[in-house]
Amino acid sequence: MRRREFITLIGGAVAVTATNSPRLLAQDQPGFAGNEVTPLIKVDLTGVSNKQVIANIYEVPSGNMVPLHFHHGDEFHLILSGEWAAQVEGKPDHVMKAGDAQYVEREHWHGGKVVSATPLRLLGVMIVDKDKPILEMKH
């Protein structure tokens with residue numbers, strides 16, 4: 001699937017589900033104070049009994065951090081607005097801007113810092129194990 005088709009697909013899902021999803025504050029997770037998470041989708045992966053697909057919009061104020069963490073599964077990020085100095089285990093740090101995307105492999109530490117005056121808005125889509133925590137924090 002090409003990037004534009006993926007963005008259109010996810011954009012449609014966001015439009016359909018965003019109005020019906022409860023808004024959760026990421027500050028419920030240690031280290032995420034001030035950041036917000038809007039859940040979009042959380043469904044079982046068809047044909048794979050122990051996996052689920054989760055999509056969220058993350059909103060992070062200018063200067064805030066997304067602490068290092070990992071998921072028991074793969075994750076795709078799409079920057080919707082703002083700029084983010086992204087860190088991914090095993091890769092050089094890099095600044096991502098609106099329209100940039102990255103893939104984070106299963107159980108690789110990742111996080112970063114918002115480096116723009118504009119807050120970061122990021123779409124995160126994960127395929128994770130259902131029987132494990134959604135995220136693990138680096139101590």
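This note goes through one sheet of the predicted model and then a serine in a loop that follows one of its strands.

1. The sheet is open and is built from five strands, which run in the order S7-S6-S9-S4-S11 with antiparallel pairing. Strand S7 (94-96) and strand S11 (136-137) stand at its edges, and because each has a single partner strand, one side of each is left without a neighbour in the sheet. As a general point, the strands of a sheet pair through backbone hydrogen bonds, in either a parallel or an antiparallel sense.

2. Strand S4, covering residues 65-70, pairs with strand S9, covering residues 110-114, in the antiparallel sense and over three bridges; in this pairing, Met 65 has Lys 113 of S9 as its bridge partner.

3. Strand S4 also pairs with S11, again in the antiparallel sense, and here the pairing runs over two bridges. For orientation when looking at this part of the model, Phe 70 stands opposite Glu 136 in S11.

4. Ser 116 lies in the loop that connects S9 with strand S10 (120-129). Its relative accessible area is 12%, which falls under the 20% cut-off, and Ser 116 therefore counts as buried.

5. Which residues does Ser 116 touch, leaving aside those up to four places away in sequence? They are Ser 62, Gly 82 and Glu 83. With Glu 83 there is also a polar approach to inspect, since a polar atom of the Ser 116 side chain lies 2.9 Å from the backbone nitrogen of Glu 83.

Terms used:
Residues numbered from 1 in each chain as written. Predicted model: local features only at pLDDT ≥ 70, side-chain atom pairs only at ≥ 80, totals over all residues. Heavy atoms only, no water. Pairing = 2+ DSSP bridges. Helix = DSSP H or I, 4+ residues; strand = E, 2+ residues; numbered from the N terminus. Buried < 20%, exposed > 50% of the residue type's maximum accessible area, 1.4 Å probe, protein only. Polar contact = N/O pair within 3.5 Å; in protein donor to acceptor, adjacent residues only side chain to side chain. Contact = heavy atoms within 4.5 Å.
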